[in-house]
Amino acid sequence: MQQTSLKELVEQKLEECGKVGLHLGCGDVRLDDSSMINIDIRETDVTDFLADVTEPLNIEEESVDRVEAFDVLEHFSQKEINAVLSLWLSYLKQGGIIVLRVPDLIAIFTETVKKKLPFQTAQWLLYGGQA
């Protein structure tokens with residue numbers, strides 16, 4: 001993967017689409033929206049830009065219209081969550097949107113109690129890769 005600067009990717013999406021969004025912690029999922037830049041710490045077939053989403057990205061504050069992160073927050077400790085969310089919110093333009101998906105606690109607990117979901121799997125779903 002050629003590592004174009006994130007600033008250049010943001011400018012390119014703005015020019016092409018009139019808006020730009022960040023799909024943080026994209027993993028193997030490419031959103032069906034051409035304005036989104038897929039960012040992950042590991043390279044996958046869908047990653048547009050490699051970065052640790054807990055660290056400041058090299059873009060201007062208030063420069064994107066949308067930030068999306070699905071099943072990412074559970075990978076951070078409670079001590080990190082406020083800083084991570086503040087960082088992600090800083091990227092949003094005035095009136096921008098942040099979309100987050102986190103694990104469904106009730107469904108995980110229900111399936112674990114019914115013994116349909118192994119405890120280790122439930123633990124990983126709730127806490128991600130935290131040590």
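This report walks through the predicted model shown above, from its overall layout to a few single residues.

## The whole protein

Let's begin with the broad view. The protein contains 4 helices and 5 strands, and along the sequence these follow the pattern α-β-β-β-β-α-β-α-α. If you draw a box around the C-alpha atoms along the principal axes, that box is roughly 50 × 30 × 25 Å. There are 131 residues in the protein, and 35% of them count as buried.

How does the chain meet itself? Take the contacts with a separation of 6 or more: 55% of these come from residues 24 or more positions apart. On the outside, the protein exposes about 8300 Å², with carbon and sulfur atoms supplying 52% of that area. The protein also carries 12 positive and 23 negative charges, and the mean positions of these two groups are 9 Å apart.

## A few residues side by side

The table gathers the accessibility of five residues that we will meet below.

| Residue | Relative accessible area | Class |
|---|---|---|
| Ser 35 | 3% | buried |
| Cys 26 | 4% | buried |
| Thr 44 | 10% | buried |
| Cys 17 | 29% | partly exposed |
| Phe 119 | 53% | exposed |

## Two residues in loops

Ser 35 sits in the loop between strand 1 (21-24) and strand 2. Its relative accessible area is 3%, under the 20% cut-off, so Ser 35 counts as buried. The side chain of Ser 35 makes a polar contact of 2.7 Å with the side chain of Asp 33. Setting aside residues up to four places away in sequence, Ser 35 touches Lys 13, Cys 17, Lys 19, Val 20 and Gly 21.

Thr 44 belongs to another loop, the one between strand 2 (36-40) and strand 3 (49-50). Which backbone oxygen does the side chain of Thr 44 reach? The oxygen belongs to Gly 27, at 2.8 Å. Gly 27 also appears among the contacts of Thr 44: apart from neighbours within four places in sequence, Thr 44 is in contact with Gly 27 and Asp 28. With a relative accessible area of 10%, Thr 44 is buried.

## The cysteines

How many disulfides does the structure hold? The count is 0. For Cys 17, the nearest cysteine sulfur is that of Cys 26, 17 Å away, and Cys 17 is in no disulfide. A disulfide needs two cysteine sulfur atoms within 2.5 Å, so a distance of 17 Å leaves Cys 17 and Cys 26 unpaired. Looking from the other side, Cys 26 has the sulfur of Cys 17 as its nearest cysteine sulfur, and Cys 26 is likewise in no disulfide. As for their surroundings, Cys 17 is partly exposed at 29% relative accessibility, while Cys 26 is buried at 4%.

## Toward the last two helices

Now let's move along to helix 3 (residues 105-113). At the start of this helix, a side-chain oxygen of Asp 104 comes to within 3.2 Å of the backbone nitrogen of Ile 106. Just after helix 3, Lys 115 has a positive phi of about 65°.

Phe 119 is part of helix 4 (residues 119-127). Is Phe 119 buried or exposed? Its relative accessible area is 53%, over the 50% cut-off, so Phe 119 counts as exposed. Phe 119 and Glu 11 are 108 residues apart along the chain, and their C-alpha atoms are separated by 45 Å.

Key
Residues numbered from 1 in each chain as written. Predicted model: local features only at pLDDT ≥ 70, side-chain atom pairs only at ≥ 80, totals over all residues. Heavy atoms only, no water. Buried < 20%, exposed > 50% of the residue type's maximum accessible area, 1.4 Å probe, protein only. Contact = heavy atoms within 4.5 Å. Areas by Shrake-Rupley, 256 points an atom, 1.4 Å probe, with all protein chains shown as cover. Lys, Arg positive; Asp, Glu negative; His and termini not counted. Charge placed at Lys NZ, Arg CZ, Asp CG, Glu CD. Polar contact = N/O pair within 3.5 Å; in protein donor to acceptor, adjacent residues only side chain to side chain.
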